[in-house]
Amino acid sequence: MYSWLQEAVSDQREIVTASRRLARELRDSYNQQQFAAGHQAWLTPTIFSWHDWLSSQLDRVRQPDGLPRILDPASSALVWERCLRQLCPDGLPGIGGLVRQAIQSWLRAQDWGIPVTALRDSARSQDERIFAAAAHDYQRRLQDNNWIDAGGKAGLVTRLVEAGTIIPSANVTFAGFDRVSPAVQQIIMALKEAGASVHTAPEPANHNAPSCLSFDHADAELRAAGTWARLQLDGDPAAKIAIVVPGLEVCSASATRLIREGLVPGWQYGGSAFASATNVSYGRRLADYPAVSIALLALRWAHRSLSSREISLLLRSRCLVSDETTGRCRLEIEMRGHPDRNWSPEDFSSVFKADDDAEDAQRFLDCVATLASFRSSQGDRLRPGEWVRRIDSLLTQLHWPGPAVLESDEFQLVNRWRELLNEYARIEIVAPLVDFGAVVQRLGSMATDILYQPDNGPGVVQVLGVLEATGMEFDHVWVCGMDSSQWPPATTPARFISLSLQRQYRMPDATPADTLEFGRQVLRGFAAAGKRCVFSSVTCSEELELTPTSLLDELGCVAADQAEDPGWYAATLVTADALPVELDDPAPPVGTHEKIRGGAYTVQRQFKEPFSAFVHGRLGVRLLDKFAPGLSPGVRGNIVHASLHNLLVSRPSQDTITGWTEKERLRRIGSAVDAALAEHGRRADSILRRILRCERERLLRLLDSFLSAETERVSFAIAEVEHNVAYSKFGIELGLRIDRIDRLSDGSLFVIDYKTGIPKHFLGGSGELTDLQLVVYADALREAVGGLALINIDSRTIKARGAGAGGSWSKKYADSWEQTLASWRTEVHRTIEKFSAGDVRLNRSFSASEDRPLVILSRKGAQSFE
């Protein structure tokens with residue numbers, strides 16, 4: 001491979017590549033050639049990517065004092081943002097994306113030599129006019145300050161070579177340039193006029209006819225490509241193999257996972273070595289790596305308040321404080337019990353305290369105090385370099401990126417973060433003094449723009465995008481996505497330059513003919529890039545029938561034996577021959593001193609699905625409350641319960657409630673609601689305070705309706721509110737809390753349970769028992785129980801359903817109440833006895849996604865619940 005490379009290096013040529021990846025590829029290939037020839041040492045070849053070569057030429061200027069100062073990308077982006085903000089409406093969202101598109105259009109205009117006056121004269125749409133005006137302002141700022149950006153380096157090098165200020169190398173070879181821009185052509189001409197010998201790397205001379213394959217869908221295509229690569233490696237372990245995926249920049253993770261399924265079946269069990277068998281050319285945004293994301297989040301908290309959801313990430317991260325997270329997870333669970341709101345470091349420290357044995361939680365709170373202190377001292381405008389020093393010190397105090405010894409890829413990531421800080425420090429040329437908020441915003445924007453990938457070695461198979469693979473050579477190459485919907489690729493003309501001007505300057509994708517020819521050129525290059533080339537396509541995508549691109553017909557493709565799609569490796573684990581071994585290891589009976597959680601609801605879970613009762617009641621597993629905007633259902637339910645408790649804690653009788661005047665009733669309701677909301681109102685932000693005011697109005701109406709309904713029942717007096725009862729059956733000790741117990745006129749008790757959220761039913765449509773909680777409460781009381789009722793309280797109404805005595809709420813079974821309650825108690829005893837014995841059956845009629853979210857903890861051979 002690269003048969004021309006040895007001669008080019010021997011002639012001491014400078015090799016200039018279109019991409020950094022190709023430059024690295026050529027250096028590695030040359031090193032392998034020297035090693036294969038038996039050499040133990042050799043001179044490093046002079047190989048540069050295009051932009052690195054331009055910088056190296058400027059470094060040759062002996063007296064650089066008069067040269068323009070080169071703006072780094074971050075400084076250039078900041079100048080562009082200033083130019084665009086002056087022309088765009090105030091408060092325009094997504095200014096970062098607009099800046100990125102403007103820079104792309106500007107760089108392409110520079111490469112094709114389009115003057116700013118032409119941009120202005122040809123502008124037709126509002127976007128084009130704004131861009132042209134911003135470009136004029138940007139160019140003026142560059143000239144006024146004697147700056148140039150990346151787009152101006154080629155023109156500067158050309159002028160300096162023509163003036164004799166730069167003495168170029170005698171021999172220069174250009175490699176991998178699929179579209180040669182006027183900027184490159186002008187440098188080549190200048191080099192030749194200066195006496196340099198300029199060469200173009202020859203294209204590979206492979207003449208084998210490529211093969212064509214077709215698959216039903218993209219998943220099958222990518223898995224088959226992985227299988228094909230494995231077969232090639234079986235025949236030649238040293239073979240250089242590439243799989244090219246169009247659009248890899250938007251699907252790199254999913255595409256790589258599918259390729260691994262065919263290349264290394266079961267790669268998930270092999271650790272990092274198996275995962276790194278594929279080397280992917282397209283990385284992730286730097287801001288998407290957890291360690292960097294946590295660092296940016298911590299810096300944002302040092303500047304502004306964070307939501308509960310954001311702080312949850314900090315609490316659970318091992319990139320801060322320590323590897324231990326037990327105490328911090330307890331804090332996180334406690335925070336979920338509060339309304340979702342924005343927390344300042346000071347607010348968080350005042351509300352949450354660590355348990356005595358939770359060292360990691362206390363260390364986290366110490367870090368929060370550090371953030372609060374940093375926040376209070378950030379009012380000054382400082383030089384970017386000084387802010388970088390302070391940020392690095394702050395992250396060190398927060399124990400970022402964690403105490404663990406860093407692996408290679410983690411070490412590289414931390415170094416890339418520090419490079420980012422250094423890059424930010426260089427914007428001092430355009431922003432001498434900045435405040436901390438601007439620093440945090442800019443670092444986040446830069447981390448989002450940077451695509452990063454750790455160097456984990458070459459891998460045995462390279463997964464490349466179309467542009468990354470251009471100019472490279474392989475032993476075997478498979479090119480995916482060659483259907484008519486993806487190839488030729490969609491045209492991508494410059495976003496803010498008029499099409500007429502792009503056609504005039506013959507810019508890329510200015511015409512369909514140019515895109516078509518580019519598609520042909522790329523396919524010819526792939527066909528010649530390896531000893532064997534396979535093009536594949538799919539026949540269907542989202543119910544759309546597809547055909548292979550007609551451009552393959554021009555390459556003389558031959559049909560090949562259909563490559564096998566191995567399917568998902570996990571599917572092989574559940575075949576008839578691969579069933580897991582079922583162990584005879586039932587759950588043990590409840591121990592003498594075993595703590596059972598969940599109270600009466602554990603009995604209800606056992607009644608509906610024994611396994612759920614085992615997971616929640618015996619293992620102590622609980623589902624986390626979800627963060628929700630405003631007041632979560634759990635928080636709202638707690639507020640309702642607290643309001644009812646406050647309203648009825650004096651245990652008034654029905655006659656007393658009826659005797660309240662309207663003014664007295666409203667006063668009592670208001671006091672009850674205010675007391676329930678008081679805890680949440682402390683240190684609430686402005687948004688939460690508005691939400692709490694709305695909640696207060698809702699509760700005032702609900703409780704007023706509730707008291708009206710109370711006056712229409714049969715005579716009662718409230719006996720207990722939130723009454724704690726110890727309950728013991730079959731060795732099971734349960735702690736119960738009954739929301740309310742009334743005493744009826746006949747002396748019997750009436751048990752009430754409040755339910756918020758989705759309405760629940762005590763009895764089914766045919767009168768059958770569906771909820772055992774109330775019956776458990778009745779069985780725990782030592783007095784006669786005359787009725788049971790569930791009171792469902794939703795956002796608008798209050799509805800009660802029950803059985804026994806108690807008036808309109810509970811007429812069902814009034815005539816046979818004692819016998820009915822006795823039979824229900826028997827059902828409770830039977831259910832508790834099964835729970836005590838270790839019953840863990842599954843109710844397979846339940847939905848796994850709704851009623852059984854923890855079913856993954858069960859075994860495949862678990863007995864069904866009938």
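Among the elements of this predicted protein model, helix α13 (residues 290-301) has the highest mean pLDDT, at 96, and helix α12 (residues 271-275) the lowest, at 69. Over the protein the pLDDT averages 88, and 94% of the residues score at least 70. The points below cover an open sheet of seven strands, an open sheet of five strands, strand β1, helix α24, and selected serine, glycine and cysteine residues.

**The seven-stranded sheet**

- The strands of this open sheet follow the order β9-β14-β8-β15-β16-β7-β19, and the pairing is parallel.
- The edges are formed by β9 (278-280) and β19 (558-559); each has a single partner strand, so one side of each is left without a neighbour in the sheet.
- Strand β7 (residues 211-215) runs parallel to β19 and is joined to it by two bridges. In this pairing, C212 stands opposite A559 of β19.
- Helix α23 (residues 512-529) packs on the sheet and touches β8, β15 and β16, its direction making about 130° with that of β16.
- Helix α10 (residues 218-235) lies across β7, β8 (241-244), β14 (461-464), β15 (474-479) and β16 (530-538). Relative to β8, helix α10 runs at about 170°.

**The five-stranded sheet**

- This second open sheet has the order β20-β21-β22-β23-β24, with mixed pairing.
- Strands β20 (716-729) and β24 (798-804) stand at its edges; because each has a single partner strand, one side of each is left without a neighbour in the sheet.
- On average, neighbouring strands of this sheet are turned by 30° against each other, direction ignored.
- Strands β22 (residues 749-756) and β23 (residues 785-793) run parallel and are joined by eight bridges. Within this pair, K755 stands opposite N792 of β23.
- Helix α31 (residues 817-837) packs on the sheet through contacts with β20, β21 (732-744), β23 and β24. The direction of helix α31 makes about 70° with that of β23.

**Strand β1 and its partners**

- Strand β1 (residues 14-17) is covered on both faces: E14 and V16 are buried on one side, and I15 and T17 are buried on the other.
- In a regular strand, side chains alternate between the two faces of the sheet.
- Four bridges connect β1 to strand β5 (residues 171-175), and the two run parallel. Here E14 stands opposite V172 of β5.
- Three bridges connect β1 to strand β2 (residues 47-49), also in a parallel arrangement. Here V16 stands opposite F48 of β2.

**Helix α24**

- The buried residues of helix α24 (residues 600-608) are A600, T602, V603, Q604, Q606 and F607.
- These buried residues pack against α25 (610-618), β21, α30 (773-780) and α31. Helix α31 is also the helix that packs on the five-stranded sheet, where β21 is among the strands it touches.

**Serine 75**

- S75 is located in helix α4 (residues 73-85), and its relative accessibility of 0% means that it counts as buried.
- The side chain of S75 makes a polar contact of 2.7 Å with the side chain of D72.
- Beyond its neighbours within four places in sequence, S75 is in contact with R426, I427, I429 and V430.

**Glycine 402 and the cysteines**

- G402 lies in the loop between α18 (384-397) and α19 (408-425). With a relative accessible area of 19%, G402 is buried, since the cut-off is under 20%.
- Not counting residues up to four places away in sequence, G402 touches R318 and C319.
- The C-alpha atoms of G402 and L299 are separated by 16 Å, and these residues are 103 residues apart along the chain.
- A search of the whole structure finds zero disulfides. C319 is accordingly in no disulfide, and the nearest cysteine sulfur, that of C367, is 13 Å away.
- C319 has a relative accessible area of 16% and is therefore buried.
- The sulfur of C540 is 17 Å from the closest cysteine sulfur, that of C480, and so is too far away for a bond. C540 is partly exposed, with a relative accessible area of 32%.

Technical notes:
Residues are numbered from 1 along each chain as its sequence is written. This is a predicted model: local features need pLDDT of at least 70, side-chain atom pairs count only at pLDDT 80 or more; totals for chains, interfaces and linings use all residues. Side-chain values use heavy atoms; hydrogens and water are left out. pLDDT is the predictor's confidence in each residue, from 0 to 100. Two strands pair if DSSP finds at least two bridges between them. Contact means heavy atoms within 4.5 Å. Axes are lines fitted to C-alpha atoms, for helices over the stretch in contact, and angles run from 0 to 180 degrees between N-to-C directions. Buried means under 20% relative accessible area, exposed over 50%, partly exposed in between (1.4 Å probe, protein chains only). A polar contact is a pair of N or O atoms within 3.5 Å; within protein, one must be able to donate a hydrogen and the other to accept it, and residues adjacent in sequence count only if both atoms are side-chain atoms. A disulfide is a pair of cysteine sulfur atoms within 2.5 Å.
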